[in-house]
Amino acid sequence: MSRGLLLVVSGPSGAGKGTICKEILAKRPDLQLSVSATTRKPREGEVDGKSYFFLQEETFRNMIEQGEFIEWASFCQNYYGTPKKAVEEQLKAGHDVILEIEVQGAMQVRSKFPEAVFIFVLPPSIEELKNRIIGRGTEAMHVIEERMERAKKEFEQIDKYNYILLNDTVEAATERLSAIIDAEKLRIERNEETIKQFVNNK
Ligand code: ADP
Ligand code: 5GP
């Protein structure tokens with residue numbers, strides 16, 4: 001069985017990463033979403049073990065020391081990280097896995113998994129990005145300002161990604177993401193087994 005595809009959906013806070021990932025998972029049951037760990041407090045409606053693993057800082061630090069994360073980052077006063085074990089198991093079992101993570105973490109994944117697919121979610125404009133974070137109603141104004149400052153730095157890393165994914169409407173963005181996944185799965189280097197039967201010297 002061939003190894004699953006690792007998809008990194010990244011970009012600034014409020015661009016719509018979570019919304020698009022939720023949509024694509026509903027449309028494509030073949031995909032798995034990695035559940036991250038964080039020291040952030042749960043928002044209303046978030047479920048431990050499903051939205052995130054909500055951890056105390058000490059537990060998170062222990063996991064860093066034990067090498068239990070593929071990547072981790074400090075983002076606007078909280079830690080976020082991708083637990084290694086679940087992702088490795090899913091990829092090994094041939095499942096395609098999505099990491100929905102911020103830019104520093106994506107850059108760490110890039111150095112460890114250069115074969116992964118890196119997608120940067122773009123809002124239609126900076127103004128709309130701010131409107132969306134404000135509209136989500138989950139952060140205090142000073143946190144929103146901090147995340148907007150952070151966004152400026154994050155845009156500078158866009159050339160390290162393979163694709164931009166404009167999130168104008170959720171529907172169009174989800175369709176584009178689905179098209180990216182389909183195309184990536186058809187790359188020659190991901191289909192060596194299929195090709196082998198047609199080419200003698202492979
Ligand atoms: P992120 O996960 O990147 O931080 P979210 O998915 O939480 O962003 O989206 C931020 C806010 O913008 C949410 O309130 C969400 O409902 C809204 N939103 C997401 N995509 C769109 C869109 N295409 N058009 C309008 N609002 C959107
Ligand atoms: P939020 O607090 O809005 O849920 O997340 C803040 C930022 O952290 C978002 O950009 C989100 O994508 C990112 N994030 C979520 N999980 C992880 C993770 O495991 N690692 C990293 N590096 N970032 C993450």
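Let's start with the shell around ligand 2. By class, 5 of its residues are nonpolar, 4 are polar and 8 are charged. Keep in mind throughout that this is a predicted model.

So who is in that shell? There are 17 residues around ligand 2. The closest are Ser-36, Arg-40, Tyr-52, Tyr-80 and Glu-102.

Now the polar contacts. Take Arg-40 first. One of its polar side-chain atoms lies 2.6 Å from an oxygen atom of ligand 2. Next, Glu-102. Here the ligand side is a nitrogen atom, 2.7 Å from an N or O atom in the Glu-102 side chain. Then Arg-147. An N or O atom of its side chain is 2.8 Å from an oxygen atom of ligand 2.

How much of ligand 2 does the protein cover? On its own, ligand 2 has 510 Å² of accessible area, and the protein covers 96% of that. As for location, ligand 2 sits in the largest pocket.

Which strands feed this shell? Strand 5 and strand 6, residues 78–83, each supply at least two residues to the shell around ligand 2.

That brings us to the sheet. It is open, and 4 strands form it. The order is 4-3-6-5, with mixed pairing. A general reminder: strands of a sheet pair through backbone hydrogen bonds, either parallel or antiparallel.

Back to our sheet. Why do strand 4 and strand 5 each have one side without a neighbour in the sheet? Because strand 4, residues 53–54, and strand 5, residues 69–75, stand at the edges, each with a single partner strand.

Look at strand 4 more closely. Strand 3, residues 37–38, runs parallel to strand 4, and 2 bridges join the two. Want a specific pair? Ala-37 has Phe-53 in strand 4 as its bridge partner.

On to ligand 1. This one has 14 residues around it. Gly-14, Gly-18, Thr-19, Arg-136 and Asn-167 come nearest. The class split is 3 nonpolar, 7 polar and 4 charged.

Contacts again. Gly-14 uses its backbone: an N or O atom there lies 2.8 Å from an oxygen atom of ligand 1. Thr-19 uses its side chain, with an N or O atom 2.5 Å from an oxygen atom of ligand 1. Asn-167 has a polar side-chain atom 2.8 Å from a nitrogen atom of the ligand.

Coverage next. Of the 570 Å² of accessible area that ligand 1 has on its own, the protein covers 74%.

And where does ligand 1 sit? In the largest pocket. The elements giving two or more residues to its shell are helix 1, residues 17–27, and helix 5, residues 126–136. Helix 1 gives the most, with 3 residues.

To recap, in pairs. Ligand 1 sits in the largest pocket, and so does ligand 2. The covered share is 74% for ligand 1 and 96% for ligand 2. Helix 1 and helix 5 contribute to the shell of ligand 1, while strand 5 and strand 6 contribute to that of ligand 2.

How values were computed. Residues are numbered from 1 along each chain as its sequence is written. Chains are lettered from A and ligands numbered from 1 in the order in which they are written. This is a predicted model: local features need pLDDT of at least 70, side-chain atom pairs count only at pLDDT 80 or more; totals for chains, interfaces and linings use all residues. Side-chain values use heavy atoms; hydrogens and water are left out. A residue is near a molecule or strand if one of its heavy atoms lies within 4 Å of it. A polar contact is a pair of N or O atoms within 3.5 Å; within protein, one must be able to donate a hydrogen and the other to accept it, and residues adjacent in sequence count only if both atoms are side-chain atoms. Accessible areas come from the Shrake-Rupley method with a 1.4 Å probe; for residues, only the protein chains shown count as cover. On a 1 Å grid over the protein atoms alone, a cavity is a set of points where a 1.4 Å probe fits but cannot get out, and a pocket is an open set with protein on both sides within 12 Å along at least five of seven lines; lining residues have an atom within 4 Å of a point. A molecule sits in a cavity or pocket if more than half of its atoms lie within 2 Å of its grid points. Ala, Val, Leu, Ile, Met, Phe, Trp, Tyr, Cys and Pro count as nonpolar, Asp, Glu, Lys and Arg as charged, and the others, Gly among them, as polar. Two strands pair if DSSP finds at least two bridges between them.
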